[in-house]
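Work through the exercises below with the sequence and the model side by side, and try each task before reading its solution.

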Amino acid sequence: MTTHESPTGTRRHTSDPATASADHTVSVDLSGRTALVTGAASGIGRACALRLAAAGAHVRLVDVDGEALAALGVGEPLEIDLTDLDAAEAAGRGADVVVNNAGVQTVAPVQDFPTDRFSLMLRLMVEAPFRTVRGALPHMYARGWGRVVNISSVHGLRASPYKSAYVTAKHGLEGFSKVVALEGAEHGVTSNCVDPGYVRTPLVEHQIAEQARAHGIPEDRVIDEVLLARSPVKRLVEPEEVAELVAFLCAREASFISGASLPVDGAWTAS
């Protein structure tokens, strides 16, 4: 992973599996471990997959975009639609680390929110994580070690208007993560949520037009006036910043961190 200075002075990172270990802040050895990362084709999932591969894990890369997975050049690409819940559970079997990251977004008032889309989002972001973890836990328990990292959101801790399905799903994921932490404690399994603010990902970039329509403002004002309005740190989070925390949660030094919700939000939830 190489680091670059942006014109505003913030650090930008690019992932390169050949040099990924050069700039990591945590030493994590996942040799002999299998890590499942969902939504691995881009954004946070891609950054997590590259980071865990750099730590020595065999990474199962899950996404609907098989071509993008193959282009990553690491791990085992699995083109899976996680709304096929049996396939989601099968993908989790034998995994030592599960990173539930896959998600989608729709922005609309409750009265206009498409009912089928609401159901799909809960299926993808609550039921599918339940099934991947359900598939993985017997293996984790047998080995006496496991890491479940659920990529939640500040919207798992706070609400925003026009995001009823996303907020509901992330709140549900937070609760599920805590239950796994309680049940897994005696088996050496930890379970945590990482709660990013707005991350520089396709998911965020694609919702700008929707946010502009919902709030009645031009698209070029959405980042400053909507996405970052509550954030004291006025920039988007970089995917690699989230991935570094995910890696730390897999380290032996993090074995006592479980049942937690860890914001990566520039003090968004503190404001």
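Throughout, a residue is buried under 20% relative accessible area, exposed over 50% and partly exposed in between, with a 1.4 Å probe and protein chains only. The model is predicted, so local features need pLDDT of at least 70 and side-chain atom pairs count only at pLDDT 80 or more, while totals for chains, interfaces and linings use all residues. Residues are numbered from 1 along each chain as its sequence is written, and side-chain values use heavy atoms, with hydrogens and water left out.

**Exercise 1.** Determine how many aromatic pairs there are, and classify their geometry and burial.

Solution. Rings of Phe, Tyr and Trp (its six-membered ring) pair if their centres lie within 6.5 Å, and planes under 30 degrees apart count as stacked, over 60 as edge-to-face and the rest as tilted. By this rule there are two aromatic pairs. Phe 113 and Phe 118 make an edge-to-face pair, with 6.0 Å from centre to centre and 85° between the planes. Phe 113 is buried because its relative accessibility is 8%, whereas Phe 118, at 27%, is partly exposed. In the pair of Phe 130 and Phe 176, the centres are 6.0 Å apart and the planes stand at 80°, so this pair is edge-to-face. It links distant parts of the chain, since Phe 130 belongs to helix 4 (residues 115-143) and Phe 176 to helix 5 (residues 164-184), 46 residues apart; helices are DSSP runs of H or I with at least four residues, strands are E runs of at least two, and both are numbered from the N terminus. Phe 130 is partly exposed at 38%, and Phe 176 is buried at 19%.

**Exercise 2.** Establish how the buried residues of helix 3 are arranged and what they pack against.

Solution. In helix 3 (residues 85-92), the buried residues are Leu 85, Ala 88, Glu 89, Ala 91 and Gly 92. Viewed down the helix axis they fall within an arc of 160°, and therefore line one face of helix 3; the arc is that of the directions from the helix axis to the C-beta atoms. These buried residues pack against strand 3 (34-38), strand 4 (58-63) and helix 4, where contact means heavy atoms within 4.5 Å. Just after helix 3, Gly 94 adopts a positive phi of about 85°.

**Exercise 3.** Describe the surroundings of Lys 170.

Solution. Lys 170 is located in helix 5. Neighbours within four places in sequence aside, Lys 170 is in contact with residues including Met 125, Ile 151 and His 155.
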